[in-house]
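Dear colleague,

I am passing on the structure we spoke about, with my notes on it placed underneath. Please read them alongside the coordinates.

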Amino acid sequence: MLRLMSQFDDLLTAAGLDALWITRPEHVRLVSGFSSPRDGRVLLTRGGATLYTDARYTVQAAEESSIPQYIAQPPRATSEAKLLQHAREQFAGGRVGIEADHLSVTALGALREAWGVEIVPTRGLLEARRAVKTDAEIALLREAQRIADEAYAEVRPTITAGRRERDVALDLEIAMRRRGADAAAFDLTVASGERGAMPHGGATDRVLREGELVTIDMGALLGGYHSDMTRTVAVGEVSDELRRLYDAVLEAEDACVAAVKPGARAADLDVLARSILERHGLAGYFSHSLGHGVGLAIHEAPTLSGSSEDVLRPGMAITIEPGVYVPSVGGVRIEDLVLVTGDGHEVLSRAEKERV
Ligand code: ZN
Ligand code: ZN
């Protein structure tokens, strides 16, 4: 089990709730361990929790779930009412929280009708808990990144002129799957030439050419946890202009990674990256925030942006990913997955950062 039930009890107490109806898939998985969380919900009560899913998952839920399960039997027309009735019997009454960012208006109406209790919209309750990882979570992140590092090392020699972006992306994904990844952590980006100016450019039929930079953003999904890393590589010799972009981003990335430690303010790291790029006249081309927490979701707390209030704490897993994107010229992003440790940091992404 990745988390202790007692901490969820504290969470209800702190929020003044008698129960929490959990619908966000990451949180269904976090509390129960059930690996098909999109088809599950969890009711968290004082002293317990129940996983709600349906008869397709009878065997799987029994095998995976660390909490008791309620299995809804078809037909759905009557099963949902029975399921909500079962959930209602698990708490005495009072205040029941819902995840306001994840429950549909229709589902909220059904809860109101079935339960007749005060329903309290909540935001960020479990998100805040997820920012600091347990040892078991860190082990999964470390392994997900190791898989991505190895896949990158295998495929890197084949990133040459004449290859299509989508073939490189497919090779990376296959290499990760072969090493045990459950899936790619997201749609991989292989953005070459002027397409490098699109931070989330995906991978297309475009053919790589000599003298271009290629941005590769990749990660593996393992046991629900995501790794996330970006490398930018040269195909042959690149122009002085592209090299200047690369060197500036690498300088900013190195400086920000070096500054990761407990107590560091996330906003200060973002400002540091921007100030280095500013010195190179490139701050105007850095069109996103410096990084993000990563775990059960690819983007989660903390937020590394100029307006973030977050302060780094040991056990946080974050990305540092400055980039510059120059329309019709190209782009560079370099991203590492970094663990905040008790006295500094550990860079989990080990793939080589080449000089171009
Ligand atoms: Zn990334
Ligand atoms: Zn990222």
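The notes below take up the metal site, then the nonpolar cores, and finally one helix residue.

Please keep in mind that this is a predicted model. The zinc ion (ligand 2) has as its protein donors Asp-228 (OD), His-292 (NE2), Glu-321 (OE) and Glu-335 (OE), which lie 2.1 to 2.2 Å from the ion, and along the chain these donors follow the spacing D-x63-H-x28-E-x13-E. The angles among the four donor atoms run from 79 to 151°, and the site is irregular. The zinc ion (ligand 1) is 3.2 Å from the zinc ion (ligand 2), and Asp-228 coordinates both. Because His-292 belongs to strand 13 (residues 291-293) whereas Glu-335 sits in the loop between strand 17 (330-333) and strand 18, the pair ties together parts that are 43 residues apart in sequence; both His-292 and Glu-335 are buried.

The largest nonpolar core has 35 residues, and Val-260, Leu-312 and Ile-318 are among those with the most contacts inside it. Helix 9 gives the most to this core, with nine residues. Apart from this core lies another, of 30 residues, including Phe-8 and Ile-138. Ile-318 touches, among others, Val-260 and Leu-312, and also the zinc donor His-292.

Ala-151, found in helix 7 (residues 135-155), counts as buried because its relative accessibility is 0%. Leaving aside neighbours within four places in sequence, Ala-151 is in contact with Leu-172, Ala-175, Met-176, Arg-179 and Met-218, and its C-alpha atom is separated by 5.9 Å from that of Leu-172, 21 residues apart along the chain.

With best regards

Methods: Residues numbered from 1 in each chain as written. Chains lettered and ligands numbered in written order. Predicted model: local features only at pLDDT ≥ 70, side-chain atom pairs only at ≥ 80, totals over all residues. Heavy atoms only, no water. Helix = DSSP H or I, 4+ residues; strand = E, 2+ residues; numbered from the N terminus. Buried < 20%, exposed > 50% of the residue type's maximum accessible area, 1.4 Å probe, protein only. Contact = heavy atoms within 4.5 Å. Core = buried A, V, L, I, M, F, W, Y, C linked by side-chain atoms within 4.5 Å. Donors = N, O, S within 2.8 Å, 3.2 Å for Na, K, Ca; no water. Tetrahedral: all angles 85-135°; square planar, octahedral: opposite > 155°, others 65-115°.
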